[in-house]
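Visitor: I would like a close look at a single part of this protein, namely the places where aromatic rings meet their neighbours. Please take me through that part slowly, and then set it in the context of the rest of the chain.

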Amino acid sequence: MGSASEENELYGPPAFDMEDKVRVKKLIRNDGTFPNKEIGETLAKKGDTGYIVGIGDYLQMYYIYAVHFVERGVIVGCRKKELELVEEFYESNVAS
């Protein structure tokens, strides 16, 4: 479990919305939870961009954002502290 100083993120709304474009702030490697990849294999590099395709939670404390890194062809679960917003998705951006 996280340290006592860490706030439960689930008390507030998610930091990102579905289809927001985000950038990863650090190298993300497989910690053993990503199927068909070796432990330690790079899943996303610092600066890679992707789109939020799902929002879940972990340990009833943290939002986990499923990020589709299109160029890499993978969907990776990331925490808020690993991501930064590049562009918000607005319904008005969709062609009618």
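Guide: Let us begin with a charged side chain and a ring: in this predicted model, Arg79 lies over the face of Tyr62, at 3.7 Å from the ring centre. The cut-off for such an arrangement is that CZ of Arg is within 6 Å of the ring centre and within 35 degrees of the ring normal.

From there we can turn to rings that meet other rings. When the whole structure is searched, two aromatic pairs are found. In one of them, the ring centres of Phe16 and Tyr65 are 5.1 Å apart and the planes stand at 80 degrees, so this pair is edge-to-face, given that planes over 60 degrees apart are classed that way. Because Phe16 belongs to the segment before strand S1 (21-24) while Tyr65 belongs to strand S5 (residues 62-69), the pair ties together parts that are 49 residues apart in sequence. Are these two residues buried or exposed? Phe16 has 6% relative accessibility and therefore counts as buried, and Tyr65, at 0% relative accessibility, counts as buried too.

The other pair is formed by Tyr63 and Tyr65, whose ring centres are 6.2 Å apart and whose planes are at 35 degrees, so that this pair is described as tilted. Tyr63 is buried as well, with a relative accessible area of 12%. Taken together, the ring pairs link Phe16, Tyr63 and Tyr65 into a cluster.

To set this in context, the protein chain has seven strands and zero helices, and its pattern along the sequence reads β-β-β-β-β-β-β. Of the 96 residues in the protein chain, 28% are buried. The largest nonpolar core has 16 residues, and Val67, Phe69, Val76 and Leu83 are those with the most contacts inside it. At least two residues of this core come from each of S1, strand S3 (42-44), S5 and S6, and S5 gives the most, with four residues.

Strand S6 (74-78) also takes part in the largest pocket, where it and strand S2 (28-29) each supply at least two residues of the lining; S6 gives the most to that lining, with three residues. This pocket has a volume of about 370 Å³ and is lined by 16 residues, of which Asp31, Thr33, Gly77, Cys78 and Glu82 lie nearest its centre. By character, the lining residues divide into seven nonpolar, six charged and three polar.

One further position is worth a look, in the loop between strand S4 (49-58) and S5, which is the place of Gln60. Unlike the buried rings described above, Gln60 is exposed, with a relative accessible area of 63%. The C-alpha atoms of Gln60 and Leu10 are separated by 7.2 Å, although these residues are 50 residues apart along the chain.

Note on methods: Residues numbered from 1 in each chain as written. Predicted model: local features only at pLDDT ≥ 70, side-chain atom pairs only at ≥ 80, totals over all residues. Heavy atoms only, no water. Phe/Tyr/Trp six-rings, centres within 6.5 Å; stacked < 30°, edge-to-face > 60°. Buried < 20%, exposed > 50% of the residue type's maximum accessible area, 1.4 Å probe, protein only. 1 Å grid on protein atoms, 1.4 Å probe; cavity = no way out; pocket = protein on both sides within 12 Å on 5 of 7 lines; lining within 4 Å. Points joined across faces, edges and corners; volume = space filled by probe spheres on them. Nonpolar A, V, L, I, M, F, W, Y, C, P; charged D, E, K, R; others polar. Core = buried A, V, L, I, M, F, W, Y, C linked by side-chain atoms within 4.5 Å.
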